[in-house]
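The exercises below ask you to read a protein model step by step, from the whole chain down to single residues. Please try each task on the structure before turning to its solution.

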Amino acid sequence: MEQQDAVKREGRLTPVLALATLIAAFGSSFQYGYNVAVINSPAKPMKAFYNETYYDRISEYISEFSLTLLWSLSVSMFPFGGFLGSLMVGPLVNKLGRFSGATLYQLTKGTLLFNNVFSIVPAILMGCSEVARSFEMIIVARLLVGICAGWPTLLGVTGVPAALQLLLLPFFPESPRYLLIQKKDEAAAKNALRGLRGWDDVDAETQEIWEEDKAEKAAGFISVLKLLRMRSLRWQVISIVVLMGGQQLSGVNAIYYYADQIYLSAGVRAQDVQYVTAGTGAVNVLMTVCAVFVVELLGRRVLLLLGFSICFAACCVLTAALALQDTISWMPYVSIACIISYVIGHALGPSPIPALLITEIVLQSSRPAAYMVGGSVHWLSNFTVGLIFPFIQVGLGAYSFIVFAVICLLTTIYTFLVVPETKSKTFIEINQIFTKMNKVSELHPEKEELKDFPPSTAGQ
């Protein structure tokens, strides 16, 4: 009975924990979505600013190719900064600590507060770029703010969430795991747990953190290089690379980075573009919320297959619509419908599922290295799309989305042939599936860690 009560209490969301999670997400994860989309709206005035600044310096306007390259760099420096930031996660978390368990409140206040440097400084740089007549400040700032995530005035707004987090987060408890494991301060860790959980008896959870730390140390740390060399993890790693790469190379951020340009080329009137773009973002939010509720009903594999298939079909029809928009009057409406359909498909599966799968197909000792691999692929793919898509548009015109259609199709085929369903399966059952795929005679090298999981417990 006491154990059941403990389980119920661990699942309880207290006001302090909810607010801490909200502030942590608003000052960090919110930055990712904002900085992906914010560069889209001021594209035209920013290009004009680049041109004017260049003319002021050498009395001639910049070439079309150079202007496209500068703009591509402005867009793609954010994900490249995200790639650099993903490489910093391991050292920062190990030094400043993280919170144990499945809550979103994972990083210590120290890590999150330090992270705000990479948001506030770029905000100042971007906000001052027009006064300083320097487009280089925008490019450098995009790089720095990418490390945080991952119109000069509009871009400078990115500092607002960071400033709010900087002001509010110090009033919330520190990470209990950081205090207990890193600082060896059990009393402070228990006080932090009491503040987050809302009850006094936290001895069981404190002991659980100690046991989790011992299990991690017993399993050993698996580096990225070791992860890539291990035959028993081969198909897990390949699946992470394919799904993370497919998530970004399928073109989702091309739509968000260049949404206004795409809608204009699809025939939407200039004065209506901002409303269509806002509607697209609202659809994305709505479908992401829906995915949270249907993922346990339909399963991860089904949502991936459904999502990538919808994206493939949307890209194909969008290509035809763009090619025929000058000959058929109602084709612009088809283009808009295709983009919205694409956003729906991506929000259902390709956007949320790959990161979730990492927690289900690799165990704790391999997970940091697996996240580093997945994060690197995510950001580098995002960087590639942001950098080359404007040139793809120039070269292929209406047929630009054929490239993304091919990637969606290939990822769908891989998912159908290789990726297993993990819904309602235990860690042991998932591990056995990959053991057969990897053609190894024994269970995963983390088999000692598997002993901690009872056969009836589904992987989370």
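What follows is a set of five exercises with worked solutions on this predicted model.

**Exercise 1. The chain as a whole**

Task: State how many helices and strands the protein chain has, and what share of its residues counts as buried.

Solution: Begin with the secondary structure, which comes to 25 helices and zero strands. Then turn to burial: of the 460 residues of the protein chain, 48% count as buried. Finally, consider the surface, where the accessible area of the chain comes to about 21500 Å², with 67% of that area belonging to carbon and sulfur atoms.

**Exercise 2. Three residues in their helices**

Task: For asparagine 438, arginine 142 and serine 376, find the helix that holds each residue, and decide whether each is buried or exposed.

Solution: Take asparagine 438 to begin with, which has its place in helix α24, residues 427–438. Its relative accessibility is 4%, and because buried means under 20%, asparagine 438 counts as buried. Setting aside residues up to four places away in sequence, asparagine 438 touches Arg231, Ser232, Leu233, Arg234, Trp235 and Gln236.

Next comes arginine 142, which lies in helix α8, residues 135–149. With a relative accessibility of 0%, arginine 142 is likewise counted as buried. A distance to check here is the one to leucine 73: the two residues are 69 residues apart along the chain, while their C-alpha atoms are separated by 9.1 Å.

Serine 376 completes the set, with its place in helix α22, residues 367–396. Its 14% relative accessibility puts serine 376 among the buried residues, and beyond its neighbours within four places in sequence, serine 376 is in contact with Phe83, Ser86 and Leu87.

**Exercise 3. Aromatic pairs**

Task: Count the aromatic pairs of the structure, and work out how the rings of phenylalanine 49 and tyrosine 50 and those of tyrosine 55 and tyrosine 61 are arranged.

Solution: The structure holds seven aromatic pairs. In the pair of phenylalanine 49 and tyrosine 50, the ring centres are 6.2 Å apart and the planes lie at 55°, an arrangement that is tilted; both of these residues are buried. For tyrosine 55 and tyrosine 61, the values are 4.5 Å centre to centre and 20° between the planes, so this pair falls under the 30 degrees required for stacked rings. Tyrosine 55 is partly exposed, at a relative accessible area of 34%, whereas tyrosine 61 is exposed, at 55%. Elsewhere, ring pairs link Phe389, Phe401 and Phe404 into a cluster.

**Exercise 4. The span of helix α20**

Task: Compare the span of helix α20 with the expected value, and name some of its buried residues.

Solution: Helix α20 covers residues 331–348, which makes 18 residues. From first to last C-alpha the helix reaches 26 Å, close to the 26 Å expected at 1.5 Å a residue. Among the buried residues of α20 are Met331, Ser335, Cys338, Tyr342 and Leu348. To follow such a pattern, recall that an α-helix has 3.6 residues a turn, so residues three or four places apart point the same way.

**Exercise 5. A nonpolar surface patch**

Task: Identify which helix gives the largest share of the nonpolar patch, and place isoleucine 402 in this setting.

Solution: The patch on the surface includes Leu396, Tyr399, Ile402, Val406 and Leu417, and its residues together have about 930 Å² of accessible area. Its largest share, eight residues, comes from helix α23, residues 401–417. Isoleucine 402 lies in helix α23, and at 37% relative accessibility isoleucine 402 counts as partly exposed.

How values were computed
Residues are numbered from 1 along each chain as its sequence is written. This is a predicted model: local features need pLDDT of at least 70, side-chain atom pairs count only at pLDDT 80 or more; totals for chains, interfaces and linings use all residues. Side-chain values use heavy atoms; hydrogens and water are left out. Helices (H or I, at least four residues) and strands (E, at least two) are DSSP runs, numbered from the N terminus. Buried means under 20% relative accessible area, exposed over 50%, partly exposed in between (1.4 Å probe, protein chains only). Contact means heavy atoms within 4.5 Å. Rings of Phe, Tyr and Trp (its six-membered ring) pair if their centres lie within 6.5 Å; planes under 30 degrees apart count as stacked, over 60 as edge-to-face and the rest as tilted. The expected span of a helix is 1.5 Å times one less than its number of residues. Accessible areas come from the Shrake-Rupley method with a 1.4 Å probe; for residues, only the protein chains shown count as cover. Patches are made of residues with over 30% relative accessible area and no salt bridge: like charges are joined within 9 Å, nonpolar side chains (Val, Leu, Ile, Met, Phe, Trp, Tyr) within 5 Å. A salt bridge is a side-chain nitrogen of Lys or Arg within 4 Å of a carboxyl oxygen of Asp or Glu.
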